[in-house]
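Here are some exercises to work through with the structure open beside you. Try each task before you read its solution.

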Amino acid sequence: PTFTDIRTEALACTMFLLRLLFKNAFRHRLRTVLTMVGLVVAICAFGLLRTIVDAWYAGVEGTSSTRLITRNAISLTFPLPLSYAERLRSVEGVTGLSWSNWFGGVYITERNFFPQFAVDAPSYLALYPEYVLKDDEKKAFLLDRQGVIVGRKLADTYGWKVGDQIALRGTIYPGTWVFNLRGIWDGVDAKTDESQMLMHWQYLSETARKRLGRSMADYVGAYVLRIDQPESAPLVSERIDAMFRNSLAETLTETEKAFQLSFVSMSETILVAINAVSLVIVVIIMAVMANTMSMTARERLSEYATLKALGFAPGFIVQLLFGESLVIALLGGGLGLALTLPVAAAFAKSVGTLFPVFRVSELTMALQLLASVVVGVVAAAWPAWKMSRISIVNGLRHVA
């Protein structure tokens with residue numbers, strides 16, 4: 001036989017085997033459909049929970065290795081003097097510097113939460129090139145002391161457009177604050193946070209001094225520094241903290257990633273619980289699938305005995321059971337994976353800006369497929385082993 005003949009015969013055998021597997025899988029349609037529904041729900045829930053965990057770490061993944069955060073060593077709620085800026089610029093290894101303050105305003109109701117920062121606009125935007133802003137919008141923002149810019153996701157959530165006026169009720173800075181929306185930035189990639197609002201720190205500090213009768217112009221919430229080499233981050237951090245040691249406002253300097261991780265660590269228990277639940281869901285559907293395959297094997301005991309009597313090897317019976325289990329598992333898992341995308345999109349829309357970045361990652365989809373395969377393999381393992389060892393005589397006793 002030629003190579004073409006061999007390939008044609010192999011293809012014909014494969015197609016025959018696939019038809020046999022599909023026919024066996026749907027011999028009891030109601031049972032198979034119900035099992036697949038359980039798989040769809042389980043795989044979809046597994047993917048959604050994994051995406052929630054990924055969203056919690058989105059701020060960490062979007063950080064830069066060349067940015068440091070310097071804050072008060074006691075707590076982030078304690079400010080630092082503005083006079084530190086010049087001394088920080090003089091530290092060897094620091095190539096850029098800016099600062100920011102948390103504003104903490106309320107838009108209409110407390111449910112509409114989103115991050116708001118008062119920043120030194122020119123220097124801050126220079127440190128965050130991942131915020132892609134049109135030149136005319138950037139210029140308008142820099143010229144308008146009462147202007148603000150927001151991320152695309154935040155603007156879409158509340159239906160804002162350039163030129164709108166946005167009123168916020170201050171909490172840390174009491175009173176009603178009205179800002180002009182001068183620009184909407186897009187993230188350079190999917191990991192960029194598009195749920196923030198940036199305003200002018202100078203306008204905030206001077207207005208707060210007039211309204212509250214106290215000066216905020218000499219203090220900032222935290223400093224953002226750019227360094228020349230990521231490898232020099234520990235050394236530069238040590239230099240900065242040593243410079244302000246034993247002062248009235250000692251500092252704690254860390255990488256932007258470590259700074260973001262400090263917030264994630266506050267929810268560590270919740271994240272562990274979510275991961276545990278996602279694994280429990282997979283184990284439960286694995287048990288359901290194993291029960292389905294065990295029932296299938298028991299019902300076909302006489303068929304397998306007949307196949308062995310006709311000369312088929314035990315390995316063929318194992319292939320049938322594993323193949324049928326994988327067909328059901330992959331069909332259910334594939335549908336669950338496909339359903340995860342619209343469910344995740346609907347979930348992200350319902351929670352608004354709670355998660356700055358909420359997307360089903362390629363790793364999550366790969367884990368969903370892997371979970372489907374594992375469920376199919378594990379569910380068929382015991383029935384396949386049992387059926388491969390059946391006695392022909394005992395199996396044929398079940399023939400009517």
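A residue counts as buried when its relative accessible area is under 20%, as exposed when that area is over 50%, and as partly exposed in between. Keep these cut-offs at hand, and remember that the model is predicted.

**Exercise 1. Lys161 and its partner**

Task: Find the residue that forms a salt bridge with Lys161, and decide whether each of the two is buried or exposed.

Solution:
- Start with the partner: Lys161 forms its salt bridge with Asp164, and their closest N and O atoms are 3.5 Å apart. The cut-off for such a pair is 4 Å, so this one qualifies.
- Next, take Lys161 itself: its relative accessible area is 55%, so Lys161 is exposed.
- Finally, turn to Asp164: its relative accessibility is 18%, so Asp164 counts as buried.

**Exercise 2. A salt bridge inside one helix**

Task: Work out how Arg89 and Glu86 are placed relative to each other, and how accessible each one is.

Solution:
- Look at the side chains first: the closest N and O atoms of Arg89 and Glu86 are 2.7 Å apart, and the two form a salt bridge.
- Then place them in the fold: both belong to helix α4 (residues 84-89), and because they are three residues apart there, about one helical turn separates them.
- Now apply the accessibility cut-offs: Arg89, at 38%, is partly exposed, while Glu86, at 55%, is exposed.

**Exercise 3. A salt bridge between two elements**

Task: Identify which elements are tied together by the pair Arg152 and Asp186.

Solution:
- Begin with the contact: a salt bridge joins the side chains of Arg152 and Asp186, at 2.9 Å from N to O.
- Locate each end: Arg152 sits in helix α7 (residues 152-158) and Asp186 in strand β8 (residues 175-187), so the bridge ties parts that are 34 residues apart in sequence.
- Check the accessibility: Arg152 is partly exposed at 29%, and Asp186 is partly exposed at 31%.
- For the wider picture, the count of salt bridges comes to 13. Arg67, Glu130 and Glu256 are linked in a network of them.

**Exercise 4. The surroundings of strand β11**

Task: Find out how many residues of β11 are buried, and which residues stand opposite Leu225 and Ile227.

Solution:
- Count the covered positions: five of the six residues of strand β11 (residues 222-227) are buried, so the strand is mostly covered.
- Follow one pairing: strand β1 (residues 67-72) runs antiparallel to β11 over four bridges, and Leu68 stands opposite Leu225.
- Follow another: strand β3 (residues 94-102) pairs with β11 over six bridges, also antiparallel, and Val94 stands opposite Ile227.

**Exercise 5. The second largest pocket**

Task: Describe what lines the second largest pocket, and which element gives the largest share.

Solution:
- Take the volume first: it is about 290 Å³.
- Then list the lining: it holds 15 residues, and Asp54, Ala55, Glu61, Arg359 and Ser361 lie nearest the centre.
- Assign them to elements: α2 (29-56) and α3 (58-61) each give two or more residues, with the largest share, five residues, coming from α2.
- Sort by character: eight of the lining residues are nonpolar, two are polar and five are charged.

**Exercise 6. A serine in a helix**

Task: Decide whether Ser278 is buried or exposed, and name the residues that Ser278 touches.

Solution:
- Ser278 is found in helix α11 (residues 268-299).
- Its relative accessibility is 2%, so Ser278 counts as buried.
- Leaving out residues up to four places away in sequence, Ser278 touches Phe46 and Leu49.

Note on methods. Residues are numbered from 1 along each chain as its sequence is written. This is a predicted model: local features need pLDDT of at least 70, side-chain atom pairs count only at pLDDT 80 or more; totals for chains, interfaces and linings use all residues. Side-chain values use heavy atoms; hydrogens and water are left out. On a 1 Å grid over the protein atoms alone, a cavity is a set of points where a 1.4 Å probe fits but cannot get out, and a pocket is an open set with protein on both sides within 12 Å along at least five of seven lines; lining residues have an atom within 4 Å of a point. Grid points are joined across faces, edges and corners, and a volume is the space filled by probe spheres set on the points. Ala, Val, Leu, Ile, Met, Phe, Trp, Tyr, Cys and Pro count as nonpolar, Asp, Glu, Lys and Arg as charged, and the others, Gly among them, as polar. Buried means under 20% relative accessible area, exposed over 50%, partly exposed in between (1.4 Å probe, protein chains only). Contact means heavy atoms within 4.5 Å. Two strands pair if DSSP finds at least two bridges between them.
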